Amino acid sequence: MCSIAFAPAGQAIAKSPAKKHTVSTSKQKRVSSQYRVNPAKTKSMRPVKLHSHARKSARPTIDAEMFDSFEGKSGSHGNLAIASTKALVMNQNTHEIIYSKNLDMPTPIASVTKLMTAMVVLDAKLNLNEQVSITEMDVDYLKGTSSRLPVGTTMTREDMLNLALIASENRAASALATNYPGGKARFIQDMNAKAASLGMMNTHFEDSTGLTSNNVSTAADLAKMVHAAYQYPLIRQITTTSDYDLSVGNRRQPLHFHNTNALVRESANSSWEIGLSKTGYISEAGRCLVMQATIAGEPLILVLLDSVGKLTRIGDARRIKKWMERNYNTLSSNVGADGEIVLTGLSMSKSLSEDSN
């Protein structure tokens with residue numbers, strides 16, 4: 001049986017700080033843009049520019065729109081195929097792996113980080129009604145991202161938590177760390193301690209927002225984090241809220257924020273049963289999505305990392321749902337040529353080795 005071992009909540013596995021993981025860029029080369037042309041029609045055909053995914057020299061030039069419409073080999077009787085570079089589909093109750101791809105490959109996780117930020121805030125049992133302010137320390141000078149929360153904006157800690165998890169507001173996530181007992185340094189220390197207690201031994205945090213590419217984890221570790229975050233009713237409630245209105249400063253009209261996961265926004269009018277959700281994106285991480293959802297009657301944890309196209313992670317989630325509803329009762333197991341593990345069915349008697357990637 002192929003499964004992931006989960007550590008008891010709150011039990012420290014490593015007393016020493018988590019080992020720092022960094023993403024080396026010294027050997028990376030930027031892939032130049034290429035053009036696709038038909039040699040027989042070069043005089044009359046306009047060149048079409050392909051999108052380059054330049055952060056890894058080993059990755060070929062990829063058309064992002066091709067991945068948005070990716071169908072792979074998934075079918076009513078075929079194996080599940082998805083486009084995200086690292087992925088995991090796991091039964092939350094049994095911890096059995098239904099699908100994995102590059103399961104233990106460390107990668108930047110962007111704003112998926114904010115789930116850990118929320119857990120650390122709630123574990124500290126801080127007053128959620130306390131007024132918290134955005135300061136100059138919360139402005140993003142690393143990526144230069146924008147925000148609708150100007151310096152000086154004050155709101156409750158709970159509102160900050162809502163904006164960080166629903167709209168992935170970076171200044172809100174930063175302010176939660178800035179206004180933590182002991183400040184940001186203690187907050188990051190507690191994030192890594194929490195990760196260690198959950199058995200996330202290939203995970204490292206350096207900030208509360210995910211803007212730094214030094215926040216790294218694996219699909220296997222993130223499944224543990226999603227499972228842990230699901231135990232917090234407030235995190236479940238907030239991350240499955242589609243829209244959030246908040247009065248800011250002296251504005252006459254409240255600011256409207258929407259959930260960054262389109263599946264949450266449409267879940268009220270669809271068959272999705274989502275129990276927890278968080279998206280993430282920085283260029284080094286690609287587009288990421290983690291969810292807890294009930295599909296084909298089973299509670300599942302979905303981890304989709306390093307997607308290229310804007311719609312790829314959503315398309316992958318939909319492919320997983322469709323495939324599960326059609327195939328989950330069949331009993332078979334396959335190991336793809338590229339190292340993918342696919343288990344179909346609840347009876348998983350065949351032992352499979354860990355992902356070699």
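1. Helices are DSSP runs of H or I with at least four residues, numbered from the N terminus. On that basis, Arg186 and Asp190 both belong to helix α5, which spans residues 183-197. The two residues are 4 positions apart, about one turn of the helix. The model discussed in this note is a predicted one.

2. The pair in α5 is joined by a salt bridge, in which the closest N and O atoms are 3.2 Å apart. Its two members fall into separate accessibility classes. Arg186 has a relative accessible area of 41% and is partly exposed. Asp190, at 17%, is buried, because a relative accessible area under 20% counts as buried.

3. A salt bridge also occurs within helix α9 (residues 312-327). Here the side chains of Glu325 and Lys321 meet at 2.8 Å, N to O. Because Glu325 and Lys321 are 4 residues apart in α9, about one helical turn separates them. Glu325 is partly exposed, with a relative accessibility of 47%, whereas Lys321 is buried at 8%.

4. Which residue forms a salt bridge with Lys143? The partner is Glu284, and the closest N and O atoms of this pair are 2.7 Å apart. The bridge links distant parts of the chain, the two residues being 141 positions apart. Lys143 sits in the loop between β6 (131-133) and β7 (154-156), and Glu284 in the loop between β11 (274-282) and β12. Both ends are partly exposed: Lys143 has a relative accessible area of 34% and Glu284 one of 26%. In total, the structure holds 8 salt bridges. As a general point, side chains of opposite charge can pair when their charged atoms come close.

5. Strand β12 (residues 286-295) contains Arg287. Is Arg287 buried or exposed? The residue is buried, with a relative accessible area of 17%. When neighbours within four places in sequence are left aside, the residues in contact with Arg287 include Gly280 and Tyr281. Further contacts of Arg287 are Leu304, Leu305, Asp306, Ser307, Val308, Gly309, Lys310 and Arg313.

6. Asp306, one of the residues in contact with Arg287, merits separate comment on its backbone. Asp306 has a positive phi of about 60° although it is not a glycine. Its location is strand β13, residues 298-307. With a relative accessibility of 0%, Asp306 counts as buried.

7. Lys125 likewise calls for a check of the backbone. This residue is not a glycine, yet its phi is positive, at about 55°. Lys125 is found in the loop between α2 (114-123) and β6. A relative accessible area of 74% makes Lys125 exposed. The two cases may be set side by side: Lys125 is exposed, while Asp306 is buried.

8. Turning to helix packing, the axes of α3 (residues 157-166) and α4 (residues 170-178) come within 7 Å and cross at roughly 135°. How are α3 and α4 oriented to each other? They are oblique, because angles over 145 degrees would be needed for roughly antiparallel and 65 to 115 for roughly perpendicular. The crossing of α3 and α4 is left-handed. On the α3 side the contact is made by Arg157, Met160, Leu161, Leu163 and Ala164, and on the α4 side by Ala172, Ala173, Ala175 and Leu176. By class, the residues of this contact comprise 8 nonpolar, no polar and 1 charged.

9. Helix α2 packs against helix α6 (residues 219-229) at an angle of about 40°, with the axes 10 Å apart. That angle makes α2 oblique to α6. The crossing of α2 and α6 is left-handed. Leu115, Met116 and Met119 of α2 make the contact with Met225, Val226, Ala228 and Ala229 of α6. The residues of this contact divide into 7 nonpolar, no polar and no charged.

Key. Residues are numbered from 1 along each chain as its sequence is written. This is a predicted model: local features need pLDDT of at least 70, side-chain atom pairs count only at pLDDT 80 or more; totals for chains, interfaces and linings use all residues. Side-chain values use heavy atoms; hydrogens and water are left out. Buried means under 20% relative accessible area, exposed over 50%, partly exposed in between (1.4 Å probe, protein chains only). Contact means heavy atoms within 4.5 Å. A salt bridge is a side-chain nitrogen of Lys or Arg within 4 Å of a carboxyl oxygen of Asp or Glu. Axes are lines fitted to C-alpha atoms, for helices over the stretch in contact, and angles run from 0 to 180 degrees between N-to-C directions. Angles under 35 degrees count as roughly parallel, over 145 as roughly antiparallel, 65 to 115 as roughly perpendicular and the rest as oblique. A crossing is left-handed if the near helix is turned anticlockwise from the far one by less than a right angle, and right-handed if clockwise. Ala, Val, Leu, Ile, Met, Phe, Trp, Tyr, Cys and Pro count as nonpolar, Asp, Glu, Lys and Arg as charged, and the others, Gly among them, as polar.
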